[in-house]
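Trainee: I have a structure open and want to learn how to read it. Can we go through it feature by feature?

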Amino acid sequence: MAKTNTGRFFEDYSVGDVLIHAVPRTVGQGERALYHALYPARLALYSSDMFARKCGLAASPLDDMIAFHAVFGKTVPDVSLNAVANLGYGEGRWLAPVWPGDTLVAQSEVIGVRQNSNGKTGVVWVRTTGRNQHGLSVLEYVRWVMVRKGDPDAPAPDSVVPALAPVVAPENLVVPEGLTFASYDTALAGETHRWGDYDIGELIDHVDGVTVEEAEHMMATRLWQNTAKVHFDTSARPDGTRLIYGGHVISMARALSFNGLANAQMVVGLNAGAHANPCLAGDTIRAWSEVLDKAETPAPGVGAIRLRLVATKGGAPFDLRGEDGKYLPNVLLDLDYWALMPM
Amino acid sequence: MAKTNTGRFFEDYSVGDVLIHAVPRTVGQGERALYHALYPARLALYSSDMFARKCGLAASPLDDMIAFHAVFGKTVPDVSLNAVANLGYGEGRWLAPVWPGDTLVAQSEVIGVRQNSNGKTGVVWVRTTGRNQHGLSVLEYVRWVMVRKGDPDAPAPDSVVPALAPVVAPENLVVPEGLTFASYDTALAGETHRWGDYDIGELIDHVDGVTVEEAEHMMATRLWQNTAKVHFDTSARPDGTRLIYGGHVISMARALSFNGLANAQMVVGLNAGAHANPCLAGDTIRAWSEVLDKAETPAPGVGAIRLRLVATKGGAPFDLRGEDGKYLPNVLLDLDYWALMPM
Amino acid sequence: MAKTNTGRFFEDYSVGDVLIHAVPRTVGQGERALYHALYPARLALYSSDMFARKCGLAASPLDDMIAFHAVFGKTVPDVSLNAVANLGYGEGRWLAPVWPGDTLVAQSEVIGVRQNSNGKTGVVWVRTTGRNQHGLSVLEYVRWVMVRKGDPDAPAPDSVVPALAPVVAPENLVVPEGLTFASYDTALAGETHRWGDYDIGELIDHVDGVTVEEAEHMMATRLWQNTAKVHFDTSARPDGTRLIYGGHVISMARALSFNGLANAQMVVGLNAGAHANPCLAGDTIRAWSEVLDKAETPAPGVGAIRLRLVATKGGAPFDLRGEDGKYLPNVLLDLDYWALMPM
């Protein structure tokens with residue numbers, strides 16, 4: 001009996017399947033420190049217990065992207081080991097903070113399958129939920145991936161394409177219990193701009209750049225127990241390069257966006273996301289943002305801001321697509337998310 | 001008076017000497033996080049407090065190899081600063097889990113010396129014991145190294161070659177107090193194969209590979225306060241390469257072996273080990289295992305499995321030695337250990 | 001309104017200005033582990049709770065340089081984003097240990113300004129204070145930097161050059177409350193040499209070297225939330241190199257100095273410091289020290305030793321300046337500090 005995991009192929013997924021992902025993971029101070037070493041993360045709420053307490057929280061939670069990466073990593077062996085491409089994200093919501101010492105588990109439900117016309121691959125949609133040791137959901141999101149068929153003669157399943165909301169409606173965003181920005185200190189946060197200072201349509205060039213290294217992206221990707229071979233093994237891709245985990249680009253771009261969005265503290269919604277082009281060691285990642293929408297929330301002084309976060313590896317800021325409507329070759333990431341900001 | 005440590009030479013060791021190794025070390029959540037960033041470590045018992053508690057432990061202990069590396073690192077300034085080669089390990093036993101917050105100290109007793117016929121080097125055997133802050137032994141093992149003579153005219157000592165057991169007898173393995181695999185959850189652990197599913201003689205190719213980088217192995221090696229120059233300083237070896245600490249290869253191979261041995265949770269015995277060839281940055285480490293033996297233990301649902309773990313930097317899996325009986329040039333590590341597995 | 005921080009220019013500083021630096025930072029076990037992975041740090045007091053308790057402290061504090069880097073990092077966006085050069089340090093004192101879990105905040109007062117004769121740049125002196133969550137000062141130091149003018153036509157301010165003490169007087173050094181070296185264990189600390197064994201004028205070659213990598217210095221620099229572009233972005237300097245943060249060299253040299261100064265446990269004073277030449281990835285950092293002075297302290301068994309710590313990237317130990325009085329091109333760092341040592 002083969003003991004190793006060869007991963008699931010397209011024909012192994014059926015709508016309604018529930019995948020229990022392995023390896024519950026306790027995350028804490030160590031993961032936080034590594035997150036700060038791997039990314040130029042500086043948001044005050046995630047850097048300081050003192051600052052977080054003034055915002056009504058018990059302590060500084062772990063960065064929202066630590067929750068995302070830890071949950072995502074668990075899904076890789078069951079969802080994307082044979083994936084050709086990570087096609088998109090949607091309907092993502094952060095439901096509760098993750099505190100140091102919490103243990104995260106993850107499961108996914110298959111909510112859609114559609115074989116491609118080439119007969120060799122198909123698209124699989126899964127809704128993934130991350131829970132803590134109390135059984136409380138901390139994160140949920142939909143991801144869809146293109147997966148190879150293992151047996152080219154396996155019959156095509158009935159197509160089921162889930163209807164996903166293009167945007168998480170503001171009234172469905174979950175503001176962490178107790179959060180208040182009523183006595184928010186912009187001097188300690190690093191910038192004076194509040195929710196009211198941002199206009200829909202406004203563009204922000206985050207200026208700073210980071211040239212990425214193999215050792216860093218591998219450490220980051222391993223930290224989340226993501227095992228996809230292409231990130232670690234130079235023999236896994238024909239050209240000998242190691243493809244950088246898309247989530248590394250997300251965290252790098254989000255951290256770079258501090259410069260101009262230092263008060264966009266908590267990520268609470270993931271509306272959409274595309275990894276437009278591959279990122280490799282030696283690339284210099286930069287980021288720009290566009291304000292897509294704004295909404296109020298019931299929490300004291302807490303506004304929601306919808307942002308497009310674009311990561312690039314060159315080119316001019318604010319350029320996104322060519323005349324053909326396709327992403328320009330220097331665009332790495334196009335992410336659409338909601339964050340909470342002091343009003 | 002010279003203030004710096006030039007290390008001991010062969011003639012400085014006598015059978016019966018007790019070496020008190022410097023720098024007690026408190027290890028915790030930070031070391032755990034770094035271990036997960038440096039290696040693709042995914043064993044559930046070392047990833048999750050929740051999982052560990054279901055196995056009867058108070059919390060998730062630190063990885064067994066953290067204990068090994070931390071203790072080993074302390075011995076380097078006293079045992080192997082002038083070593084020509086790390087020749088072997090034996091009679092190793094993990095005696096108690098190491099918990100976050102524990103402080104480790106180490107000492108070694110010289111149990112053998114034998115000058116080589118060239119008159120320039122000799123072999124030194126030491127039995128090293130790691131203890132925690134309560135004085136409790138957590139680890140013991142024998143290591144033997146080839147050490148240069150400082151004074152070529154120093155007289156050869158009487159040869160004392162310790163008689164070492166080729167294998168730690170199963171009845172001498174120490175199962176951590178309270179450990180039970182009676183309600184072990186294979187879905188959360190990542191694989192369904194239990195102790196009964198492995199046959200003696202079975203070979204497992206762990207499939208995955210990691211291409212290693214200078215920054216990573218240096219961080220790993222420093223983390224254990226191992227100061228051997230060859231790992232850090234490009235001027236220490238004639239060809240300008242930095243030799244990767246053999247323990248880095250051990251941890252990498254052990255972590256890679258998750259794929260096929262996800263339930264070989266705790267390392268409790270080290271029967272033998274050889275670093276067959278040097279490992280350098282740029283090498284892609286892979287691993288395969290052979291089931292050497294199996295034994296029962298008194299703990300509920302806990303079996304012991306004896307495994308050969310081979311790390312390679314190329315070549316076909318399961319190839320170990322050439323026709324001349326020597327390790328093939330692509331073999332990095334040949335380790336023989338006992339692990340605990342659910343029955 | 002521009003949302004991003006372009007940094008202050010020379011004309012933006014006036015004597016008496018108080019700069020509140022952003023992002024309070026909670027530091028803990030994770031930062032400690034990373035410090036040990038990034039540097040060959042082995043001082044027993046910072047490695048072991050057990051050892052620290054025998055020295056009268058509640059636990060092992062975070063390394064003194066963690067406090068320095070964390071505070072320094074906060075000042076970068078307000079002090080040195082447009083700096084041409086980091087010219088010097090002085091009047092530095094560590095006032096209280098930083099414990100895991102402490103939150104650090106920083107502020108600086110402008111204490112001097114002097115426009116350079118070229119009319120394009122000026123020198124700014126700031127006195128920076130780091131405080132913990134109780135409002136207690138843990139560190140203070142003066143730094144002066146050369147800063148570009150943003151508007152070349154801005155009028156030159158009246159020159160104010162602060163009179164700085166060339167050395168922190170021993171009676172002004174603060175010994176941590178409760179510290180005692182009365183029952184100090186040199187075997188566990190790693191070396192037998194005590195305060196009385198060092199002579200003023202004595203030179204110590206620390207022997208070991210570390211060849212530095214891009215991934216490491218960027219992780220270290222990010223960990224302290226230092227955002228200066230030249231450390232991260234290959235497009236920030238004309239030659240495409242990433243300049244290594246001078247503090248990385250300080251910590252590397254201090255850690256290397258263990259070999260010969262294993263008992264120079266706590267840094268309590270920073271008399272002066274110069275980053276003599278740039279350090280780049282691929283350089284092999286070595287260090288040597290000179291004993292400049294010695295003093296007694298009121299604490300039991302605790303002496304103070306004043307040391308010159310020189311980091312190099314080649315050349316012979318103990319060579320510092322050429323015939324022209326300038327630092328030799330291989331000298332990276334010339335640091336003058338006070339440490340506490342068992343008598």
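Trainee: What is the accessible surface of chain A, and what share belongs to carbon and sulfur atoms?

Mentor: This is a predicted model, so keep that in mind throughout. The accessible surface of chain A comes to about 11400 Å². Carbon and sulfur atoms hold 51% of that area.

Trainee: How many side chains of chain A are positive and how many negative?

Mentor: Chain A carries 29 positive and 38 negative side chains. The centres of the two sets lie 5 Å apart.

Trainee: What does the radius of gyration say about chain A?

Mentor: Compare it with the value for a compact globule. For 343 residues that value would be near 20 Å, and chain A has 20 Å, so the two agree. Along its principal axes, the C-alpha trace of chain A spans about 60 × 45 × 40 Å.

Trainee: What share of its residues is buried?

Mentor: Buried means under 20% relative accessible area. In chain A, 63% of the 343 residues count as buried.

Trainee: And which elements and contacts make up the chain?

Mentor: Chain A has seven helices and twelve strands. Take the contacts between residues at least 6 apart in sequence: 78% of them join residues at least 24 apart.

Trainee: How do I read a single helix?

Mentor: Start with the general geometry. An α-helix has 3.6 residues a turn, so residues three or four places apart point the same way. Then check which residues are covered. Helix 6 of chain A, residues 246-256, is mostly covered, with eleven of its eleven residues buried. Among them are His248(A), Met252(A) and Arg254(A).

Trainee: Why is helix 5 of chain C called largely enclosed?

Mentor: Count its buried residues. Ten of the ten residues in helix 5 of chain C (214-223) are buried, so the rest of the structure largely encloses this helix. The buried set includes Glu214(C), Glu216(C), His217(C) and Arg222(C). Now look just after helix 5 of chain C: Gln225(C) takes a positive phi of about 60°.

Trainee: What is the general rule for the sign of phi?

Mentor: Most residues other than glycine have a negative phi. Val207(A) has a positive value, near 70°, and is not a glycine. Val207(A) sits in the loop between strand 7 (203-205) and strand 8 (210-211) of chain A. With 33% relative accessibility, Val207(A) counts as partly exposed.

Trainee: What is the phi of Phe318(B), and where does this residue lie?

Mentor: Phe318(B) is not a glycine, yet its phi is positive, about 80°. Its place is the loop between strand 11 (302-312) and strand 12 (331-342) of chain B. Phe318(B) is partly exposed too, at a relative accessible area of 32%.

Trainee: How do I read the relation between chains?

Mentor: Two copies of a chain are related by a rotation about an axis and a shift along it. Chain B can be laid on chain A by a turn of 120° and a shift of 0.0 Å along the axis, with an RMSD of 0.0 Å. That is the relation of a three-fold axis. The copies use different surfaces: 9% of the contact residues of chain B recur in chain A.

Trainee: What turn and shift lay chain B on chain C?

Mentor: A turn of 120° and a shift of 0.0 Å along the axis, with an RMSD of 0.0 Å. Of the residues of chain B, Gly30(B) comes closest to the rotation axis, at 2.3 Å for its C-alpha. Here 12% of the contact residues of chain B recur in chain C, so the copies use different surfaces.

Conventions. Residues numbered from 1 in each chain as written. Chains lettered and ligands numbered in written order. Heavy atoms only, no water. Helix = DSSP H or I, 4+ residues; strand = E, 2+ residues; numbered from the N terminus. Rg over C-alpha atoms; globule rule 2.2 N^0.38 Å. Buried < 20%, exposed > 50% of the residue type's maximum accessible area, 1.4 Å probe, protein only. Contact = heavy atoms within 4.5 Å. Areas by Shrake-Rupley, 256 points an atom, 1.4 Å probe, with all protein chains shown as cover. Lys, Arg positive; Asp, Glu negative; His and termini not counted. Charge placed at Lys NZ, Arg CZ, Asp CG, Glu CD. Least-squares fit on C-alpha atoms with pLDDT ≥ 70 in both.
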